[in-house]
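Here's a quick tour of this protein for anyone who wants to find their way around it before heading to the bench. Have the structure open and follow along.

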Amino acid sequence: MSAIENCKVQTAARPTTGADVLVESLARHGVDVVFAYPGGASMPMHQALTRYRDRIRTILPRHEQGGIFAAEGFARASGRPGVVMATSGPGALNLVTGLADAKMDSIPLIAITGQVPTHVIGTDAFQETPTVEVCRAICKHAYLVQNARDIARIMKEAFYLATTGRPGPVLIDMPKDIQNTIVANPDYDVEMDLPGYVLPPEPTPAKIREVLAAIKESQRPIIYCGGGVLASNAGDELREFASKAGIPVAMTVHGLGSMPSDHYLSLDMLGMHGTVYANLAVSQADLLLAFGVRFDDRVTGKLSEFAKHGKIVHVDIDASEINKNKLAHIPVHSDVKSFLKAINPQVVSGDYGAWRHQIDEWRASDPMTYDQRDDVILPQYVLDEFSKLTKGEFIMSTGVGQHQMWAAQWTKFNRLRSWITSGGLGSMGYGLPAAMGAQAAFPDALVVDIDGDGSFLMNIQELATVFCEDLPVKVIVLNNQHLGMVVQWEDRFHQGNRAHTYLGPIHHPEAIGQGAGEQPEELYPDFIQIAKGFGVKARQIRRKEEVGEALLEMINHKGPYVLDVLVPYQEHVLPMIPSGGTVRDVIKT
């Protein structure tokens, strides 16, 4: 027998371990990409992954937080659950922010962590932390596996829990000895054991009739839609409903793309940095159709004043969200897609001509605009130009801050799942790893991260991942050398007193708000040299006339690319409704 044949026999005869059962379960659930950073307590699972190279691509992030943000980006872009793996202790704890982010934004996620062997749990063993206890409140569900024969069932339950009802993250903590335990004849079709988990019912005909009656009685209806439209893949149904009924649509930051930006019924984003006309329309509506939203404070402002003139229909898959922040006159505990599929055949267009005319007047009197300056590059101009060049054919992620809101305001979105951002938690450092996750899901797509210099720095090590894993992510850094959104609040509410928001050396005058120009004389750090050190092509631009050509160079480049765009730190995101305010308090200049 040859050495090769002998190897094949040994491989075929190899006993199945708990780690093998876990990875086989991933494959059986259609997983083809895993973001995983190895360590001592997760090595058996990584060894098992090497035996599935033909079915599962394992991407090595350079930080566990980068890995879980990438898994989120994968899930948002594809609609399939993202999978991340880390070792015990510090590796598991580095997933915490991503778990909380996925919980807040209802992202289906499977997080698998190694754990110390069961016989030393609770002894403060090397790299031990009580991962389940730490993460229980920020997960939809969490498991500590105590028997290898339970792995197949737990994996089956985890995918079911993560993807049904209100999606969310599920944590599976795997002790190392359980990973190494031999499992004879594993049963992958085992029954799930979820006695307390019940999916919401279909909307009843009586409830549909009640909503239809409210629409018929209304003269000034508005649709307020959010992440629930994305989570239920109800984009087509939402557009059909709005078009048939003739009702304008205002979107939350996670609802962007529910209606194409250039559609007549689209009012774009509402809320703190939303359009004036969207916020005015909601404030004057006599019927608010709230689909898959949670009445977040960044949308509502002063809660008692929000949509106070109208009746509220609240459709949500999570019963705990209904009446939590705002009383629903007609509560509908249902998946948004199921509700829209039930109501669409019966909805008819109302006589809303006068209402739409009023909204047109608001659009004309308070349009979205920015200064057409030629002496600097304004961030709004960069995003406007990118949007025009790409015509909606892109997937965009962002970090968190001013750049995030400018991207939401000035990018034209034609469809759901082309916009990936951290909304509820607002996690800086999200943009680059989320983009690499989206790129892994769609290798041939144009994927761009719109970032600020502060957010970009928080996970800049993932430039190594996009280079080494051949993920051609593009990054546009709107570089103002400051924590821009905090600076904006300092300028508006703290007399411009700089409280540690300058990102350069502390001896620069900008550190205490005494800079003389719109950009510091010295820039820090040098993103071009950093990117080149990672093997990533990069370019810096300072003049407006460079923008179009630089964007085309970035878009046409075959690999990853960093475009460092210097923008003035005095620029603010407008309009802005101050926290706790109403549309009457909106700041426009």
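## The β13–β18 sheet

In this predicted model, six strands line up as an open sheet in the order β14-β13-β15-β16-β18-β17, with parallel pairing. Which strands sit at the edges? They're β14 (419–420) and β17 (537–541); each has a single partner strand, so one side of each is left without a neighbour in the sheet.

Take a look at the β14 end. Strand β13 (residues 395–398) runs parallel to β14, and 2 bridges join them. If you want a residue pair to find on screen, try S397, whose bridge partner in β14 is I420.

## Helices packed on that sheet

Helix α19 (residues 431–441) packs on the sheet and touches β13, β14, β15 and β16. Its direction makes about 175 degrees with that of β15.

Then there's helix α17 (residues 379–390), which lies across β13, β15 (447–452), β16 (474–479) and β18 (561–566). Helix α17 runs at about 160 degrees to β16.

## The β1–β6 sheet

Now over to another open sheet, this one with 6 strands in the order β2-β1-β3-β4-β6-β5, and again the pairing is parallel. The edge strands here are β2 (57–59) and β5 (141–144), each of which pairs on one side only. On average, neighbouring strands of this sheet are turned by 20 degrees against each other, direction ignored.

Within the sheet, β3 (residues 82–86) and β4 (residues 109–115) pair in the parallel sense over 5 bridges. A handy landmark is A86: its bridge partner in β4 is T113.

## A closer look at M174

Strand β6 (residues 169–175) is home to M174. Is M174 buried or exposed? It's buried, because its relative accessible area is 0%, and the cut-off for buried is under 20%.

What does M174 touch, leaving aside its neighbours within four places in sequence? Its contacts are G18, L22, A41, M45, I112, T113, G114, Q115, V145, I151 and Q179. You've already met T113 as the bridge partner of A86. For a sense of scale, M174 and G271 are 97 residues apart in sequence and 42 Å apart in space, C-alpha to C-alpha.

## The second largest pocket

The second largest pocket has a volume of about 410 Å³. There are 21 residues lining it, and the closest to its centre are K103, K140, R166, D318 and S320.

How does the lining of the second largest pocket divide up? It comes to 8 nonpolar, 6 polar and 7 charged residues.

How values were computed:
Residues are numbered from 1 along each chain as its sequence is written. This is a predicted model: local features need pLDDT of at least 70, side-chain atom pairs count only at pLDDT 80 or more; totals for chains, interfaces and linings use all residues. Side-chain values use heavy atoms; hydrogens and water are left out. Two strands pair if DSSP finds at least two bridges between them. Helices (H or I, at least four residues) and strands (E, at least two) are DSSP runs, numbered from the N terminus. Axes are lines fitted to C-alpha atoms, for helices over the stretch in contact, and angles run from 0 to 180 degrees between N-to-C directions. Buried means under 20% relative accessible area, exposed over 50%, partly exposed in between (1.4 Å probe, protein chains only). Contact means heavy atoms within 4.5 Å. On a 1 Å grid over the protein atoms alone, a cavity is a set of points where a 1.4 Å probe fits but cannot get out, and a pocket is an open set with protein on both sides within 12 Å along at least five of seven lines; lining residues have an atom within 4 Å of a point. Grid points are joined across faces, edges and corners, and a volume is the space filled by probe spheres set on the points. Ala, Val, Leu, Ile, Met, Phe, Trp, Tyr, Cys and Pro count as nonpolar, Asp, Glu, Lys and Arg as charged, and the others, Gly among them, as polar.
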